[in-house]
Amino acid sequence: AESGQADLAEELLRYFVENSDKECFCATLYTCYDLVKPDVAMELAWRNGLIDYVMPYMIQFMHDLHNKVNDIDARTKKGEAKAEEAAAAGAAAAPFMGQQPVMQLADTAYNAGG
């Protein structure tokens, strides 16, 4: 975990799977949480009968993902509300071109119908 190398953490997980060290597999998921990709952890666990050992990692990952999505959703809603208010203020201040009254031109020598 201190190295910050995701490939090294994945290699370590594979080593523990090959040596049937379930507890170290689980401990590595906990220790290297930020380095391990969830698809790698889930696949290794599924293929090697370690689902019970990967579940704490997956639960924590889903919890963190849920919180991130909620934060992004809240920020997006605030931005959308501000954009709608700005659009409403802009529409009220300046009507669209198609909504402006048509100006009638008086007949002159240049545009006289005939």
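This note comments on three sites in a predicted model.

1. Thr-28. This residue lies in helix H2, which spans residues 22-31. Its relative accessible area is 7%. Thr-28 is therefore classed as buried, the cut-off for that class being under 20%.

2. Contacts of Thr-28. Leaving aside residues up to four places away in sequence, Thr-28 touches Ala-9, Leu-12, Leu-13, Phe-16 and Tyr-33. Among these partners, Ala-9, Leu-12, Leu-13 and Phe-16 carry numbers that fall in helix H1 (6-18). The side chain of Thr-28 also makes a polar approach within its own helix, reaching the backbone oxygen of Cys-24 at 2.7 Å. In the inspection of this site, the contact list and the Cys-24 distance may be read together.

3. Ser-20. The loop between helix H1 (6-18) and H2 contains Ser-20. Although Ser-20 is not a glycine, its phi is positive, at about 50°. The relative accessible area of Ser-20 is 58%, so the residue is classed as exposed; the cut-off for that class is over 50%.

4. Met-42 and the surface patch. Met-42 is placed in helix H3, residues 38-47. Together with Met-55 and Ile-59, Met-42 makes a nonpolar surface patch of about 250 Å². Met-42 itself is partly exposed, because its relative accessible area is 30%, a value between the limits of 20% and 50%.

5. Summary of exposure. Thr-28 is buried, Met-42 is partly exposed and Ser-20 is exposed.

Conventions:
Residues numbered from 1 in each chain as written. Predicted model: local features only at pLDDT ≥ 70, side-chain atom pairs only at ≥ 80, totals over all residues. Heavy atoms only, no water. Patch = residues over 30% accessible without salt bridge, like charges linked within 9 Å, V, L, I, M, F, W, Y side chains within 5 Å. Areas by Shrake-Rupley, 256 points an atom, 1.4 Å probe, with all protein chains shown as cover. Salt bridge = Lys/Arg side-chain N within 4 Å of Asp/Glu carboxyl O. Helix = DSSP H or I, 4+ residues; strand = E, 2+ residues; numbered from the N terminus. Buried < 20%, exposed > 50% of the residue type's maximum accessible area, 1.4 Å probe, protein only. Polar contact = N/O pair within 3.5 Å; in protein donor to acceptor, adjacent residues only side chain to side chain. Contact = heavy atoms within 4.5 Å.
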